[in-house]
Amino acid sequence: ALKKVHKVTSKLQSISGRILEMSAFLKPGRRVTMMEMVTALEDRSKQALITFLSLLELGKIGFVRLYQSETYGDIWVDAQKEIQGDVISKVEEYG
């Protein structure tokens with residue numbers, strides 16, 4: 001007998017949505033690591049990916065600076081500006 005396989009895939013969260021979630025961590029004058037912002041108990045690798053993409057996007061538009069002092073070391077995040085609603089209009093989403 002042939003079995004039918006039903007594959008369930010979870011959609012990756014949007015960059016805009018993740019940036020809004022991360023805004024509590026990203027305050028000017030406060031330095032955090034990227035992994036401090038990865039708070040999910042399940043699907044941590046997916047949340048780490050969308051967090052990384054969100055930070056790159058924020059860096060591109062000048063809201064954060066990213067540092068890494070050694071290969072495979074922590075990625076440090078310095079917020080440059082307060083994240084407000086108008087930031088989202090500048091964010092690119094990737095399919």
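# Reading a sheet, two helices and their contacts

Guide: Let us start with strands S2 and S3, which run antiparallel and are joined by 4 bridges. Please keep in mind that this is a predicted model.

Visitor: Happy to. Which strand does S1 join, and by how many bridges?

Guide: To read a sheet, take each pair of strands in turn and note the direction. Here S1 and S3 run antiparallel too, with 3 bridges joining them. S3 therefore pairs with S1 as well as with S2.

Visitor: Which residue of S3 stands opposite Val 32?

Guide: Val 32 faces Val 77 in S3. Now look at the other side of that residue: Val 77 is also the bridge partner of Leu 66. Following Val 77 thus takes you from Val 32 to Leu 66.

Visitor: Let me step back. What pattern does the chain follow along the sequence?

Guide: List the helices and strands in the order in which they appear. For this chain the order reads α-β-α-β-β, made up of 2 helices and 3 strands. Contacts then show how separated parts come together: of those between residues at least 6 apart in sequence, 57% join residues at least 24 apart.

Visitor: What share of the 95 residues is buried?

Guide: Buried residues account for 32% of them. On the outside, the chain exposes about 6,700 Å², and carbon and sulfur atoms supply 54% of that area.

Visitor: Could we take one residue as a worked case? Is Thr 51 buried or exposed?

Guide: Compare the relative accessible area with the cut-off. Thr 51 has a value of 0%, so it counts as buried, since buried means under 20%. Thr 51 sits in helix H2.

Visitor: What does the side chain of Thr 51 lie 2.7 Å from?

Guide: For a buried polar side chain, look for a polar partner. A polar atom of the Thr 51 side chain is 2.7 Å from the backbone oxygen of Gln 47. Beyond the neighbours within four places in sequence, Thr 51 touches Arg 18, Met 22, Met 34, Met 37 and Val 38.

Visitor: Arg 18 is a charged residue on that list. Which side chain meets Arg 18 in a salt bridge?

Guide: The general idea is simple: side chains of opposite charge can pair when their charged atoms come close. Here the partner of Arg 18 is Glu 21, at 2.7 Å from N to O. Both residues belong to helix H1 (residues 15-22) and are 3 residues apart, about one turn of the helix. Their surroundings contrast: Arg 18 is buried because its relative accessibility is 2%, while Glu 21, at 43%, is partly exposed.

Visitor: How many salt bridges does the structure hold?

Guide: There are 4. Another one in a helix is Lys 60 with Glu 57, whose closest N and O atoms are 3.5 Å apart. This pair lies in helix H2, again 3 residues apart, about one turn of the helix. Glu 57 counts as buried because its relative accessibility is 3%.

Visitor: Which residue forms a salt bridge with Glu 82?

Guide: Lys 27 does, with 3.1 Å between the closest N and O atoms. This pair links distant parts of the chain, 55 residues apart: Lys 27 is in the loop between H1 and S1, and Glu 82 is in the segment after S3. Both count as partly exposed, Glu 82 at 35% and Lys 27 at 33%.

Visitor: And on the surface, which residues form a nonpolar patch?

Guide: Look for nonpolar side chains that are accessible and adjoin one another. Phe 52, Leu 56 and Leu 66 form such a patch, with about 220 Å² of accessible area together. You have met Leu 66 already, as the bridge partner of Val 77. Leu 56 lies in helix H2 and is partly exposed, at 40% relative accessibility.

Visitor: One last feature, the backbone angles. Where is Tyr 72, the non-glycine residue with a positive phi, found?

Guide: When you meet a positive phi outside glycine, check its place in the chain. Tyr 72, with phi of about 65°, is in the loop between strand S2 (64-67) and strand S3 (76-79). Tyr 72 is exposed, at 81% relative accessible area. Asp 43 is another case, with phi near 55°, in the loop between strand S1 (31-33) and helix H2 (44-60). Asp 43 is partly exposed, at 48%.

Definitions and conventions
Residues numbered from 1 in each chain as written. Predicted model: local features only at pLDDT ≥ 70, side-chain atom pairs only at ≥ 80, totals over all residues. Heavy atoms only, no water. Buried < 20%, exposed > 50% of the residue type's maximum accessible area, 1.4 Å probe, protein only. Pairing = 2+ DSSP bridges. Polar contact = N/O pair within 3.5 Å; in protein donor to acceptor, adjacent residues only side chain to side chain. Contact = heavy atoms within 4.5 Å. Patch = residues over 30% accessible without salt bridge, like charges linked within 9 Å, V, L, I, M, F, W, Y side chains within 5 Å. Areas by Shrake-Rupley, 256 points an atom, 1.4 Å probe, with all protein chains shown as cover.
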